[in-house]
Amino acid sequence: MIVCSCTRMTDQALADEVARILREDPQALITPGRVFHGLGERIQCGGCCRLIDMLIAADLRQRRAAADAPNDSAADLPMAAE
Ligand code: FES
């Protein structure tokens, strides 16, 4: 899906760039401008920035939830006899 009509940035390119930024710096502050810069683009009309900001926030929430999820492998272990 195209998320920026000026640059034709896709949601996949956005997600890939967010992942790349976080690999370089897990504590990075990710902004639409940083994503554009990383993709070699510049914000043009700015009409997509709110959407891109929301998509970045959703991506980060999803990553945090995955990192905080309990390890399911422990649930697969047989219970010790009491
Ligand atoms: S729609 Fe993204 S900069 Fe214009």
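This is a short talk on how the helices, a few loop residues and one buried phenylalanine sit in a predicted model.

Okay, hi everyone. Keep in mind throughout that we're looking at a predicted model.

Let's start with the overall layout. The protein chain has three helices and two strands, and if you walk along the sequence you meet them in the order β-β-α-α-α. There are 82 residues in the protein chain, and 15% of them count as buried. As for contacts, take those in the protein chain with a separation of 6 or more: 40% of them come from residues 24 or more positions apart.

Now, the helix pair I want to show you. How do α1 and α3 meet? Helix α1 is residues 11–24 and helix α3 is residues 49–68, and their axes come within 11 Å and cross at roughly 55°. That angle falls outside the parallel, antiparallel and perpendicular ranges, so α1 and α3 are called oblique to each other. The crossing of α1 past α3 is right-handed. Which residues make the contact? From α1 we have Asp11, Leu14, Ala15 and Val18, and from α3 we have Ile52, Leu55, Ile56 and Asp59. Sorted by class, that contact has six nonpolar residues, two charged ones and no polar ones. If you look at the spacing in those lists, here's the textbook reminder: an α-helix has 3.6 residues a turn, so residues three or four places apart point the same way.

Staying with α3 for a second. With 20 residues at 1.5 Å a residue, α3 should span 28 Å, and its end C-alpha atoms are indeed 28 Å apart, so the two agree. How many of the 20 residues of α3 are buried? Just two, so to speak: α3 is hardly covered.

Next, Phe36, which is in helix α2. Is Phe36 buried or exposed? Phe36 has 22 other C-beta atoms within 10 Å, and 20 is enough to qualify, so Phe36 is buried. Setting aside neighbours within four places in sequence, Phe36 contacts Glu41, Arg42 and Ile43. And remember Ile52 from the α1 and α3 contact? Phe36 and Ile52 are 16 residues apart in sequence, with their C-alpha atoms 10.0 Å apart in space.

Moving on past α2, which covers 32–38, we get to Leu39, in the loop between α2 and α3. Leu39 is partly exposed, because it has 16 other C-beta atoms within 10 Å. What does Leu39 touch, not counting residues up to four places away in sequence? The answer is Met9, Ala13 and Glu17. Leu39 and Asp16 are also worth a look: 23 residues apart in sequence, 9.8 Å apart from C-alpha to C-alpha.

Last stop, the loop between β1, residues 2–4, and β2, residues 9–10, where we find Arg8. A quick reminder here: most residues other than glycine have a negative phi. Arg8 is not a glycine, and yet its phi is positive, about 60°. Arg8 is also exposed, since it has 10 other C-beta atoms within 10 Å.

Thr7 is found in the loop between β1 and β2 as well. With 17 other C-beta atoms within 10 Å, Thr7 is partly exposed. Leaving out neighbours within four places in sequence, Thr7 is in contact with Glu41 and Gln44. If you scroll to Cys45, that residue is 38 residues from Thr7 along the chain, and their C-alpha atoms are separated by 10.0 Å. And Glu41 should ring a bell, as Phe36 is in contact with Glu41 too.

That's what I had. Thanks, everyone.

Technical notes: Residues are numbered from 1 along each chain as its sequence is written. This is a predicted model: local features need pLDDT of at least 70, side-chain atom pairs count only at pLDDT 80 or more; totals for chains, interfaces and linings use all residues. Axes are lines fitted to C-alpha atoms, for helices over the stretch in contact, and angles run from 0 to 180 degrees between N-to-C directions. Helices (H or I, at least four residues) and strands (E, at least two) are DSSP runs, numbered from the N terminus. Angles under 35 degrees count as roughly parallel, over 145 as roughly antiparallel, 65 to 115 as roughly perpendicular and the rest as oblique. A crossing is left-handed if the near helix is turned anticlockwise from the far one by less than a right angle, and right-handed if clockwise. Two residues are in contact if their C-beta atoms, placed from the backbone, lie within 7 Å. Ala, Val, Leu, Ile, Met, Phe, Trp, Tyr, Cys and Pro count as nonpolar, Asp, Glu, Lys and Arg as charged, and the others, Gly among them, as polar. A residue is buried if 20 or more other C-beta atoms lie within 10 Å of its own, exposed if 12 or fewer, and partly exposed in between; C-beta atoms are placed from the backbone. The expected span of a helix is 1.5 Å times one less than its number of residues.
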